[in-house]
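Thanks for coming. I will talk about charged side chains today, and the slide comes up now.

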Amino acid sequence: MSSEKNNYINPHLRFKDQVPEGTTGWQSPSNIALIKYWGKRAVQLPMNPSVSFTLSKSATRTTVHYKPAAKKESTIAFYFEGERNLTFEQKTIAFFKNLHSVFPFLSQMDFEIRSENSFPHSAGIASSASGMSALAMALCDLERTFFGTLDTDEAFLQKASYIARLGSGSACRSVYGGVALWGKTDRLQDSSDEFAVPVPKIHPLFRHYRDYILIVDPHKKKVSSRAGHELMKTNPFAPARFKQANQNLAILLKALETGDTDTFTDITELEALTLHAMMMTSQPSYMLMKPATVSIIEKIRDFRNRTGIPVAFTLDAGPNIHMLFPEENEESIKEFIRTELSAYVTPDSVIADRVGNGPQKTE
Ligand code: 2P0
């Protein structure tokens, strides 16, 4: 399959006659990277391939109401959780402008976009992956509905992934349920830097894996991911990191296929700590982990050694902990959180999520 640049430029996707009015709605989940994307080039192209679990509960629901543009310049009004949100609005206006050669019909329409997250507003969970993938699904849905293109699931999801990537790199992985891989690698045929692909060979154990997200600190982080990616351009350890990510990816894919939870745990934790090591060794250096993050990591490792339960931690670009473990250990993990982690998290700062099935059409 081709992964050439500008693959999707299509001047025919314009209304010749009447511009329609209507609504489309999509719900799309967040994802948690196991092999981390950290460092990019050009327009959101990754420096190394990444792999993630698509989540289930942590999702964004977006409805897009469209109608013929009233004026020469098309308009967008963006409402987040019921209120007009000018920050998201400006971002969406810029995003749509960049998409005009891919979806020329966008300039013929006015949009009212309403978006809400299923996870608590103050959870400190990045919503760019779920938000951008939901929007990408909605835009591809418009193309399919009005132009009859994207008529196979594969074509539809590949384009949605490509569009989501332009909005936010990690968002391109959220269009597939289960496990998704983004970035060219000889370990998976048809993989591409331009869009994510599903990872087909996954042991059933991992298809049902749990991800309990412990919200250690809900505040907005001080250094954005965008700035973090940028700092990889001057990080002296970056070349070694990109090489290591490829090696870790090969080992992890094998573990995911065979159901090897020990290797999964080793690699997943190494990736999480390496991601944060890259932040700590950037210039300027910074740290997103909190004291509680480190304490919980120690408790998890101690619990695993004591009980043999294969619970692993991973981290996003923030202080919150994702606890990854098999479905059959759910009760033991709940008990562990209640008895040993109560100093760090309350019951309502835990999101009990799991590997999910990907986006759904809601309207
Ligand atoms: C990931 N993260 O693979 C990595 C690991 C966070 C930790 O990609 O600038 O919001 O929009 O491409 O996707 C977070 O960065 O960055 C991220 P952009 P994004 O999930």
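Look at arginine 306 and glutamate 340: their side chains form a salt bridge, with an N to O distance of 3.0 Å. This pair connects distant parts of the chain, since arginine 306 sits in helix H8 and glutamate 340 sits in helix H9, residues 330–340, with the two positions 34 residues apart in numbering. Please keep in mind that this is a predicted model.

How exposed are the two partners? Glutamate 340 has a relative accessibility of 24%, so it counts as partly exposed. Arginine 306 is at 48%, and therefore also falls in the partly exposed class, which runs from 20% to 50%.

Arginine 306 has another partner, aspartate 302, and that salt bridge is also given as 3.0 Å, N to O. Here both residues belong to helix H8, residues 291–307, and they are four residues apart, about one turn of the helix. Aspartate 302 is partly exposed, because its relative accessibility is 40%.

In general, side chains of opposite charge can pair when their charged atoms come close.

Next, a pair elsewhere in the chain. Glutamate 230 and lysine 233 meet through their side chains in a salt bridge of 3.2 Å, again N to O. What is the exposure of each? Glutamate 230 has a relative accessible area of 45%, so it is partly exposed. Lysine 233 reaches 54%, and because the exposed class begins over 50%, lysine 233 counts as exposed.

How many salt bridges does a search of the whole structure find? The number is 19. I am showing you a few of them, not the full list.

The last item is about charges of one sign. Where is there a patch of positive charge? On the surface, Lys91, Lys220, Lys221 and Arg226 gather into one. Take lysine 221 from that group: it lies in a loop, with strand S10 (210–214) on one side and helix H5 (225–231) on the other. Its relative accessible area is 30%, so lysine 221 is partly exposed.

To recap, arginine 306 pairs with aspartate 302 within helix H8. Arginine 306 also pairs with glutamate 340, and that link reaches over to helix H9. On the surface, the positive patch includes lysine 221. That is what I had; we can go back to the slide for questions.

How values were computed: Residues are numbered from 1 along each chain as its sequence is written. This is a predicted model: local features need pLDDT of at least 70, side-chain atom pairs count only at pLDDT 80 or more; totals for chains, interfaces and linings use all residues. Side-chain values use heavy atoms; hydrogens and water are left out. Patches are made of residues with over 30% relative accessible area and no salt bridge: like charges are joined within 9 Å, nonpolar side chains (Val, Leu, Ile, Met, Phe, Trp, Tyr) within 5 Å. Accessible areas come from the Shrake-Rupley method with a 1.4 Å probe; for residues, only the protein chains shown count as cover. A salt bridge is a side-chain nitrogen of Lys or Arg within 4 Å of a carboxyl oxygen of Asp or Glu. Lys and Arg count as positive and Asp and Glu as negative; His and the chain ends are not counted. The place of a charge is taken as NZ of Lys, CZ of Arg, CG of Asp or CD of Glu. Buried means under 20% relative accessible area, exposed over 50%, partly exposed in between (1.4 Å probe, protein chains only).
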